[in-house]
Amino acid sequence: LSGWHEVAAVSLDGVTEFYVDGVQVGNAVPHSLSSSFRYIGNYHPDYSGGCQWAGKIDNVFIYEGAVKPNEKHLFIDQLIAFYDFNEGTGNNLVDNSGNGNDGLIHQTSWNLIPDGLCEDLHACNSYSYYLDNTCDYSCYSNDPSNQHALLFDGYYDYVDLGRPVAM
């Protein structure tokens with residue numbers, strides 16, 4: 001795959017499904033995701049068993065419960081964390097859901113997304129927060145030159161949410 005893609009993992013009743021750009025890929029696997037989520041970009045900071053992410057990450061949504069990509073606008077009340085990665089500098093990643101699940105960035109680098117290049121297929125380019133149930137507007141910024149992602153090299157870089165975010 002090249003370019004930006006929406007990737008989702010949805011776990012329910014001991015089975016996990018994977019989606020790319022809203023379409024299920026592969027077969028469901030008999031495995032549940034953890035009921036808590038603490039790190040972005042790495043399974044665990046000291047883990048070297050192949051679970052490190054190498055690439056850019058932007059717009060992370062964490063929901064309470066199993067929410068498929070095409071349903072996320074229906075479950076905004078179950079949103080427990082949303083990271084748009086638009087800080088652009090510093091070591092803090094802000095949870096824009098209002099739930100206070102901010103993170104501390106370790107060894108990653110900020111990457112400016114070229115003006116007008118929105119990676120979210122469901123953004124729709126104007127601001128409102130799921131009001132019309134079709135767009136999530138996650139690429140909106142008061143400053144179009146302030147669209148960022150974090151670049152992970154796959155070697156011990158991660159965002160630590162400080163405590164597990166319960167899903």
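Here are some worked exercises on a predicted model of a single protein chain.

**Exercise 1. Get your bearings**

Work out which kinds of secondary structure the chain has, and how many of each.

*Solution.* Start with the element count: the chain has zero helices and 12 strands. Reading from the N terminus, you just get β again and again: β-β-β-β-β-β-β-β-β-β-β-β.

Next, look at how the residues are covered. The chain has 167 residues, and 38% of them count as buried. On the outside, about 9,400 Å² is exposed, with carbon and sulfur atoms supplying 52% of that area.

Finally, check the contacts. Take those between residues at least 6 apart in sequence: 55% of them join residues at least 24 apart.

**Exercise 2. Put a sheet together**

Find the order of the strands in the three-stranded open sheet, and say which strands stand at its edges.

*Solution.* A quick reminder first: strands of a sheet pair through backbone hydrogen bonds, either parallel or antiparallel.

Step one is the pair β10 and β11. Four bridges join β10 to β11 (residues 148-153), and the two run antiparallel. To see the register, find Ser 109, whose bridge partner in β11 is Leu 151. Then find Asn 111, which stands opposite Ala 149 in β11.

Step two is the pair β5 and β11. Here too, four bridges join the strands, which run antiparallel. Ala 54 has Asp 153 of β11 as its bridge partner.

Step three puts the pairs together: the order is β5-β11-β10, with antiparallel pairing. β5 (54-57) and β10 (109-112) each have a single partner strand, so they stand at the edges and one side of each is left without a neighbour in the sheet. From one strand to the next, the twist averages 30°.

**Exercise 3. Track down the salt bridges**

Say how many salt bridges the model has, and which parts of the chain they link.

*Solution.* The count comes to two, counting a side-chain nitrogen of Lys or Arg within 4 Å of a carboxyl oxygen of Asp or Glu.

Take Glu 17 and Lys 68. Their closest N and O atoms are 3.6 Å apart, and they form a salt bridge. Glu 17 is in strand β2 (residues 15-20) and Lys 68 is in the loop between β6 and β7, so this pair ties together parts that are 51 residues apart in sequence. Glu 17 is buried, at 18% relative accessible area, while Lys 68 is partly exposed, at 31%.

Now take Arg 38 and Asp 160, whose side chains meet at 2.9 Å, N to O. Arg 38 belongs to strand β4 (residues 36-40) and Asp 160 to strand β12 (residues 158-166), so to speak a link across 122 residues. As for cover, Arg 38 is partly exposed at 30% relative accessibility, and Asp 160 is buried at 14%.

**Exercise 4. Look around Pro 69**

Decide whether Pro 69 is buried or exposed, and list its contacts beyond four places in sequence.

*Solution.* First, locate Pro 69: it is in the loop between β6 (60-63) and β7 (79-83).

Second, check its cover. Pro 69 has 9% relative accessibility, and the cut-off for buried is under 20%, so it counts as buried.

Third, list what it touches. Leaving aside neighbours within four places in sequence, Pro 69 is in contact with Glu 6, Ala 8, Val 10, Tyr 19 and Gly 22. Of these, Val 10 is 59 residues away along the chain, with the C-alpha atoms separated by 8.7 Å.

**Exercise 5. Check the surface and the backbone**

Name the residues of the nonpolar surface patch, then find where Asp 13 and Tyr 156 sit and what sign their phi angles have.

*Solution.* Phe 18, Val 25 and Val 29 make the patch, which covers about 200 Å². Val 25 is in strand β3 (residues 23-29) and counts as partly exposed, at 35% relative accessibility.

On to phi. Asp 13 has a positive value, near 55°, in a residue other than glycine. Asp 13 is in the loop between β1 (7-12) and β2, where it counts as exposed at 72% relative accessibility.

Tyr 156 isn't a glycine either, and its phi is positive at about 60°. Tyr 156 is in the loop between β11 and β12 and counts as partly exposed, at 40% relative accessibility.

Definitions and conventions. Residues are numbered from 1 along each chain as its sequence is written. This is a predicted model: local features need pLDDT of at least 70, side-chain atom pairs count only at pLDDT 80 or more; totals for chains, interfaces and linings use all residues. Side-chain values use heavy atoms; hydrogens and water are left out. Two strands pair if DSSP finds at least two bridges between them. Axes are lines fitted to C-alpha atoms, for helices over the stretch in contact, and angles run from 0 to 180 degrees between N-to-C directions. Patches are made of residues with over 30% relative accessible area and no salt bridge: like charges are joined within 9 Å, nonpolar side chains (Val, Leu, Ile, Met, Phe, Trp, Tyr) within 5 Å. Accessible areas come from the Shrake-Rupley method with a 1.4 Å probe; for residues, only the protein chains shown count as cover. Buried means under 20% relative accessible area, exposed over 50%, partly exposed in between (1.4 Å probe, protein chains only). Contact means heavy atoms within 4.5 Å.
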